[in-house]
Amino acid sequence: MKAAVLVFPGINRETDMAKALAAVSGVKPAMVWHTDTDLPAGTDLVVVPGGFSYGDYLRCGAIAARAPIMRAVAAHAERGGLVLGVCNGFQIITEAGLLPGALVRNASMKFICKEVNLKVENRETAFTSAYRHGQVIRCPVAHGEGNYVADDGTIAELEAEGRVVFRYCDPTGHISPAANPNGSTNAIAGIINARGNVLGMMPHPENLIEALHGGLDGRPLFDSLVAALPKAA
Amino acid sequence: MLRNDVPITPELVKSHGLKPDEYQRILDLIGREPTLTELGIFSAMWNEHCSYKSSKKWLKTMPVSGPRVIQGPGENAGVVDIGDGQAVIFKMESHNHPSYIEPYQGATTGVGGILRDVFTMGARPVACMNALRFGEPDHPKTKHIVSGVVAGIGGYGNSFGVPTVGGEVNFHPRYNGNCLVNAMAVGLADTDKIFYSKAEGVGLPVVYLGSKTGRDGVGGATMASAEFDDKIEEKRPTVQVGDPFSEKLLLEATLELMKTGAVVAIQDMGAAGLTCSAVEMGAKGDLGLELNLDAVPCREPGMTAYEMMLSESQERMLMVLHPDKRAAAEAVFRKWGLDFAVVGYTTDTLRFVVKHHGEVMADLPIKELGDQAPEYDRPWVAAAKRPVIGAGDVPAVDIADALEKIIATPDMCSRRWVWEQYDHLIQGNTAQRPGGDAAVVRVEGTRKGLGISCDVTPRYCEADPFEGGKQAIAEAYRNLSAVGALPIAVTDNLNFGNPEKPEIMGQFVGCVQGISQACIALDFPIVSGNVSLYNETNGQAILPTPAIGGVGLMADVEQMATIALKPADEAIVLIGATEGWLGQSIYQREFAGREEGAPPPVDLASERRHGEFVRGLIEQGRIATVHDLSDGGLAVAVAEMAIAGKRGARVEASGQIADHAYFFGEDQGRYLIAAPRAVAEAVVAEAVAGGIPAAIIGSVGGSELQLGASRAILVSKLHHQHEAWFPAYMSQEL
């Protein structure tokens, strides 16, 4: 794995993400500044981490999606390279058009930080192969705008093609409004593009990878990536 | 536009919060009538908020040193050695007045200000806490203020990227006209890379960094040094507006700049903005300072010297830089897209000179503005001692009924609605989340942990300021000990009413003396803090509220104890003596409708012995389940442990003390422990042998909580009752 973590002004979970990548893969990722125009040579995974890029004073992720480095990210995705967007990163890659739909204010109109349960709906991806199909995992969320919306056609397409990768659920795997922290359509917590190389998700697997965090359920996501990518030289 | 040479009338002096004798002092000091800008500068520096003129005499008596203390009060934050070349840097500060006028912005800028204090010293913030006090829930303003303050704290900390790991929230009618928003920030730095505000060297550039200066917050510190009346809405323009995005950039740029070796001295612009930061840097270094306001980056054209000197626009810093490293410093700030401007230089004149458009707008003696500001010895009277209330004076209610009622009250119910709006997980080091006795944050890259707790019981302080002051420190000590952290130092945020009233000053003096005595007895020095006076509206003062932020250190976060009962069928041990003290208890308030009598006394020697004993057990890895006893006593403590662990428990009645006093008395110096029976028996034997009261009082098991002979309650029901009030209250129409 040769990972690059993007750093925009106002991003604040880049360190959490870098630590998680290093802990699981054994290799420190490159930290790439938003004004750069190229990814480091050989990058096989781009991670867009969480935070409040540019303060998110405009539509969340809208400014970062137009930063110079994003052209290189789009080209990387076009080549089939892996892209993971988490939280603000999900918002950014959605704004950049790498994924369909949009993330709007939580239905509660409040920021929410809590541990939720997720159902792994598709383990046939480079990001989720280390989970079991239908596995219910714990994972923290921390966002004010995680309510996934898209037009009916897009939602139907995502569902039909198995591109909803994570869904909010209760501890038994049951999908219900009470278990949906932000009002997302169809309880969608994470989706993947048609080609299967760009994943966006609101929850933070990087914050549940060691005993201190109270659980390890975020770890298989990184294990999956390590398995999918060649060992770094 | 305001002219600088307007005649200084008594009305103008009064509107700047200066008393006639203080104005006379200004005249005597400079030998002429001040200009308008000068009057503004004096008002900014000599107000209560910046000068501590009523409190300084007493603050000087507090214990501020210890073997671990690197920097005590007087800097931007306190600095305490945690070993291995690292220091913890922390402070708590109030933003009470602005938060009442404009809750969201008041709270955000409170958080922003305290974070800046911490990273100004070179520390990366690793945790925030807050102590919040609101009026009674039914007061028409309360819900609006709670909603705005909580959203504001979250809005700033979440975006800035620091976990908000805990705090306190209370309601009381005495905060109807003045809420309290006390924010605490904790950071980490290497002990050899700490930065201070004392300027050194003549002719060095004074550099302005960060956001531009606007017209927000003009006169904020003066506003915060006065009581409120019915015209409070008119004060809205004195509240600053926060921008956490800029603060995050300022943090990264400041820490990056510090690595270049360019920084001689640094001071953030907080209360009284440019005035206070410039004067403090010069006065501390025994230097003069000359500012050229033409160079100050402004948000809008046409700002006067008066406005620039008094603006409290946020996310700004002032630094004295090494001239040969100026270019490197500027490059760092440009990279982060922040303003960088040389706005003056240091002099050897001990004068504070402000120029604008080539004119001298102010020329004042710097020492008298800063560290030699007025100091008062305000008259004070001690509060009358209140009688001790016996158990027989408080009605006996069925224990199960009482518990169900108490854990669902506004003051005692779960604060989940609040802390779920705070990102408490970012940075990945949160070992103990909100809801326990103290938050625990791992020191990045080590096994060590920092315990952090916010405590004070204002009704105790009102009833007996001295005992209440002691209790606030003792409870912080106890909460840290309960998670296994050695209490190492304290920051205090002393919130009181109008100090010109002898009884209010008496509350202040009593609390300070109680705090001091407890800090000495517990080796728990005060390293930073803040005083907020004039928390009064139409003559009604808040409860005396000396909020304490305690910080503790543990060698191994994996040994940390939590309050949650564990799946095993363990025995429950009570450490400490129980008399059944109901005076000033939550039980008395709920079931007698009174807050009367003397508060529970604190025996500092036993407090220390019990704390050391419990900490020792945790450090040895012998126990993992501990809870301190405080509001609501034994019944509430065991209920909280049961709810947290989703486990039932049974606690026997005492046999000697009346049930309601035994289960709800608020005797101090107590802990509950759950441990396997053999361990529990050994713990009790060791405690008793060491002169510490201890007994096995119950056991863990099942799905119900049973106290004495009262009916058993399903823990799941208790959980529901505990969680219900806050979201229900906040979801009702405003």
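**Exercise 1. Identify the residue that follows helix 18 of chain B and state the sign of its phi, then check the length and the burial of the helix.**

Step 1. In this predicted model, helix 18 of chain B is followed by Gly484(B), which has a positive phi, near 100°.

Step 2. The helix covers residues 465–483, and its 19 residues, taken at 1.5 Å a residue, should span 27 Å; because the end C-alpha atoms lie 28 Å apart, the expectation and the model agree.

Step 3. Of those 19 residues, 18 are buried, so helix 18 of chain B is largely enclosed by the rest of the structure.

**Exercise 2. Determine whether Leu553(B) is buried or exposed, and list residues with which it is in contact beyond its neighbours within four places in sequence.**

Step 1. Leu553(B) belongs to strand 21 of chain B, which runs over residues 545–554.

Step 2. Its relative accessibility is 11%, and since buried means under 20%, Leu553(B) counts as buried.

Step 3. Once the neighbours within four places in sequence are left aside, the contacts of Leu553(B) include Arg68(B), Ile82(B), Lys448(B) and Leu450(B), and also Gly484(B), the residue that follows helix 18 of chain B.

**Exercise 3. For the salt bridges Asp569(B)–Arg647(B) and Arg622(B)–Glu686(B), find where the partners lie and how accessible they are.**

Step 1. The side chains of Asp569(B) and Arg647(B) meet at 2.7 Å, N to O. Asp569(B) sits in the loop between strand 21 and strand 22 of chain B, and Arg647(B) in the loop between helix 22 and strand 24, so the pair ties together parts that are 78 residues apart in sequence.

Step 2. Asp569(B) is exposed, with a relative accessible area of 61%, whereas Arg647(B), at 14%, counts as buried.

Step 3. In the second pair, the closest N and O atoms of Arg622(B) and Glu686(B) are 2.7 Å apart. Arg622(B) lies in the loop between helix 21 and strand 23 of chain B and Glu686(B) in helix 24, with their positions 64 residues apart in the chain.

Step 4. Both partners are partly exposed, Arg622(B) at 28% relative accessibility and Glu686(B) at 36%.

**Exercise 4. Describe the interface between chain B and chain A by its contacts, its buried area and its salt bridges.**

Step 1. The interface brings 28 residues of chain B into contact with 26 residues of chain A, and about 2,200 Å² is buried between the chains, 55% of it on carbon and sulfur atoms.

Step 2. Four salt bridges are counted between the two chains; one of them joins Glu444(B) to Lys19(A), with the closest N and O atoms 2.8 Å apart.

Definitions and conventions. Residues are numbered from 1 along each chain as its sequence is written. Chains are lettered from A and ligands numbered from 1 in the order in which they are written. This is a predicted model: local features need pLDDT of at least 70, side-chain atom pairs count only at pLDDT 80 or more; totals for chains, interfaces and linings use all residues. Side-chain values use heavy atoms; hydrogens and water are left out. Contact means heavy atoms within 4.5 Å. Buried area is the accessible area (1.4 Å probe) that two parts lose on being put together, summed over both. Helices (H or I, at least four residues) and strands (E, at least two) are DSSP runs, numbered from the N terminus. The expected span of a helix is 1.5 Å times one less than its number of residues. Buried means under 20% relative accessible area, exposed over 50%, partly exposed in between (1.4 Å probe, protein chains only).
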